[in-house]
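Got your viewer open? Set it up so you can pick residues by number and show side chains as sticks, and we'll walk through a few selections.

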Amino acid sequence: MSVTHPTFRPSQDARPAPGRRLPAVLALAVAAALVVSAFGAADPTTWVLETVWVMLGLPLVVLLRKRFPLSGLLCGLLAVHATVLVVGGHYTYAEVPAGDWVRDLFGLDRNPYDRLGHLMQGFVPAILVRELLVRTSPLRGSRWLAPLTVCACLAFSAVFEMLEWLAAVTGGQAADAFLATQGDVWDTQWDMFCALIGATCSLLLLSRVHDRAVDRLTGPVRD
């Protein structure tokens with residue numbers, strides 16, 4: 001079976017104007033949320049550490065928007081993930097009010113917002129990795145696409161945990177707000193497990209929707 005390399009090409013059916021405007025609207029909304037979150041941040045150092053991914057990722061997406069535009073689904077997920085990051089950066093993950101409300105409602109022993117953050121760390125990057133593989137490699141339709149995507153998400157999660165370890169070693173108690181372990185000695189393992197669950201659920205729930213979103217952007221790719 002011959003495989004056509006799925007490079008980007010505009011769809012024959014032009015997308016409607018609202019679809020073309022969506023990435024720009026989302027980018028402006030994320031930029032505004034980032035700026036607002038900086039004011040009155042609980043811990044300025046933690047704010048920088050938590051939002052640095054948004055600071056790096058947003059300009060990159062904007063700069064590559066013509067050469068490698070992202071699907072509408074991925075743009076929306078990235079915007080949601082960025083919102084989770086900037087909220088966590090503003091309050092610190094252990095002190096997000098919504099997390100306190102959930103903790104009190106269900107009688108939990110910790111603020112669960114950090115767990116949400118790590119679920120998103122698998123859920124959204126899974127679609128990002130999948131889109132890159134589908135559009136730049138011959139893996140579309142391959143049985144290896146899903147497991148390799150999950151492996152990539154777990155690798156990213158492991159790298160993030162090593163960065164947290166580095167922050168703990170260099171920052172000592174000053175890094176506590178960034179780590180958000182809340183006294184859990186198994187926090188690192190839980191974080192990576194949450195990323196695994198997020199990535200797996202993302203692929204199970206969104207793979208077909210994502211294929212359609214990519215087709216709308218690039219046109220159908222025949223294997």
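Here is a short tour of the aromatic rings, one charge over a ring, and the cysteines. Keep in mind that this is a predicted model.

**Stop 1: Trp-53 and Phe-156.** The structure has 4 aromatic pairs, and this is a good one to start with. Select both side chains: the ring centres sit 5.5 Å apart with the planes at 75 degrees, so this pair counts as edge-to-face. Now colour by helix. Trp-53 belongs to helix α2 (residues 44-63) and Phe-156 to helix α6 (residues 145-171), so the contact ties together parts 103 residues apart in sequence. Switch on a surface, and you'll find Trp-53 partly exposed at 32% relative accessibility, with Phe-156 partly exposed too, at 31%.

**Stop 2: Tyr-93 and Tyr-113.** Here the ring centres are 5.4 Å apart and the planes make 45 degrees, so the pair is tilted. Tyr-93 is in the loop between α3 (72-91) and α4 (97-106), while Tyr-113 is in helix α5 (residues 113-136), so parts 20 residues apart in sequence are tied together. Hide the surface for this stop: both Tyr-93 and Tyr-113 are buried.

**Stop 3: add Phe-160.** Go back to the first pair and select Phe-160 as well. Ring pairs join Trp-53, Phe-156 and Phe-160 into a cluster.

**Stop 4: Arg-135 and Phe-68.** Look down onto the ring of Phe-68: Arg-135 lies over its face, 3.9 Å from the ring centre.

**Stop 5: the cysteines.** How many disulfides does the structure hold? The count is 0. Select Cys-75, which is buried at 10% relative accessibility, then Cys-194, also buried, at 8%.

Note on methods:
Residues are numbered from 1 along each chain as its sequence is written. This is a predicted model: local features need pLDDT of at least 70, side-chain atom pairs count only at pLDDT 80 or more; totals for chains, interfaces and linings use all residues. Side-chain values use heavy atoms; hydrogens and water are left out. A disulfide is a pair of cysteine sulfur atoms within 2.5 Å. Buried means under 20% relative accessible area, exposed over 50%, partly exposed in between (1.4 Å probe, protein chains only). Rings of Phe, Tyr and Trp (its six-membered ring) pair if their centres lie within 6.5 Å; planes under 30 degrees apart count as stacked, over 60 as edge-to-face and the rest as tilted. Helices (H or I, at least four residues) and strands (E, at least two) are DSSP runs, numbered from the N terminus. A charge sits over a ring if NZ of Lys or CZ of Arg is within 6 Å of the ring centre and within 35 degrees of the ring normal.
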